[in-house]
Amino acid sequence: MTPEMLSGSYSLEFYYHARGDHIGVLNVFARQIDSAYNELLWYHSAKFNQTINSWTKVAVNVNQDANFKVSVRSRSKLWTLLQRAMRSEEHTSELQSRPHI
């Protein structure tokens with residue numbers, strides 16, 4: 001997360017590289033200091049079997065009428081699958097540990 005930014009208009013520029021079946025979603029959010037709401041400013045969702053093997057430049061316009069912070073978050077398909085598997089394993093363990101009546 002960025003340090004607190006003053007209200008106004010900005011251009012956030014960055015590069016990202018996303019290739020392969022394991023790539024998920026990359027999100028850029030803005031959150032005003034006095035708010036719990038994250039405003040989605042930009043996202044990238046990788047396509048199945050994406051073959052582009054290069055860095056991509058992004059410029060995101062940020063317009064906020066109050067002081068704010070910007071965060072960049074990602075979630076890979078591999079991480080999502082791992083979380084699902086862990087939840088499934090926890091559920092299975094709970095079922096196995098219940099007493100039979």
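A nonpolar core is a set of buried Ala, Val, Leu, Ile, Met, Phe, Trp, Tyr and Cys residues joined through side-chain atoms within 4.5 Å. Keep that in mind for this tour of a predicted model.

**The whole chain**

Start with a cartoon view. You should find 1 helix and 5 strands, and walking along the sequence gives the order β-β-β-β-β-α. The chain has 101 residues, and 23% of them are buried. Switch on a surface for a moment: the accessible area is about 7,700 Å², with carbon and sulfur atoms accounting for 54% of it. If you like contact maps, take the contacts between residues at least 6 apart in sequence: 74% of them join residues at least 24 apart.

**Stop one: the core**

Now select F14, Y16, W42, V58 and V60. These are the residues with the most contacts inside the largest nonpolar core, which has 13 residues. Colour β1 (8-16), β2 (25-32), β4 (56-64) and β5 (68-75) as well, since each of these elements gives two or more residues to this core. As general background, nonpolar side chains in soluble globular proteins tend to be buried together.

Centre the view on V58. Which residues does V58 touch, leaving aside its neighbours within four places in sequence? The list is L12, E13, F14, Y16 and W42, and three of the core residues you have just selected, F14, Y16 and W42, are on it.

**Stop two: the aromatic rings**

Show the Phe, Tyr and Trp side chains next. A search of the whole structure turns up 3 aromatic pairs. Go to Y10 and F68, whose rings are edge-to-face, at 5.7 Å centre to centre with 65 degrees between the planes. This pair links distant parts of the chain, with Y10 in strand β1 and F68 in strand β5, 58 residues apart. Is each partner buried or partly exposed? Y10 is partly exposed because its relative accessible area of 32% falls between the 20% and 50% limits. F68 has 1% relative accessibility, so this residue counts as buried.

Move on to Y16 and W42. Why is this pair called tilted? The ring centres are 5.6 Å apart and the planes meet at 55 degrees; that angle lies between the limits of 30 degrees for stacked and 60 for edge-to-face, so the pair is tilted. Y16 belongs to strand β1 and W42 to strand β3, so the pair ties together parts 26 residues apart in sequence. Both partners count as buried: Y16 has a relative accessible area of 13%, and W42 comes in at 19%. Add F14 to the selection, and you have a cluster of F14, Y16 and W42 linked by ring pairs.

**Stop three: N27**

Select N27, which is found in strand β2. With 18% relative accessibility, N27 is under the 20% limit and therefore counts as buried. Beyond its neighbours within four places in sequence, N27 is in contact with L40, W42, Y43, S71, V72 and R73. W42 is familiar from the aromatic cluster, while L40 and Y43 lead to the last stop.

**Stop four: a patch on the surface**

Finish with V25, L40 and Y43, which form a nonpolar patch on the surface. Together they have about 280 Å² of accessible area. Zoom in on L40, in strand β3 (residues 39-45). L40 has a relative accessible area of 42%, so this residue is partly exposed.

Terms used:
Residues are numbered from 1 along each chain as its sequence is written. This is a predicted model: local features need pLDDT of at least 70, side-chain atom pairs count only at pLDDT 80 or more; totals for chains, interfaces and linings use all residues. Side-chain values use heavy atoms; hydrogens and water are left out. Buried means under 20% relative accessible area, exposed over 50%, partly exposed in between (1.4 Å probe, protein chains only). Helices (H or I, at least four residues) and strands (E, at least two) are DSSP runs, numbered from the N terminus. Contact means heavy atoms within 4.5 Å. Patches are made of residues with over 30% relative accessible area and no salt bridge: like charges are joined within 9 Å, nonpolar side chains (Val, Leu, Ile, Met, Phe, Trp, Tyr) within 5 Å. Accessible areas come from the Shrake-Rupley method with a 1.4 Å probe; for residues, only the protein chains shown count as cover. A salt bridge is a side-chain nitrogen of Lys or Arg within 4 Å of a carboxyl oxygen of Asp or Glu. Rings of Phe, Tyr and Trp (its six-membered ring) pair if their centres lie within 6.5 Å; planes under 30 degrees apart count as stacked, over 60 as edge-to-face and the rest as tilted.
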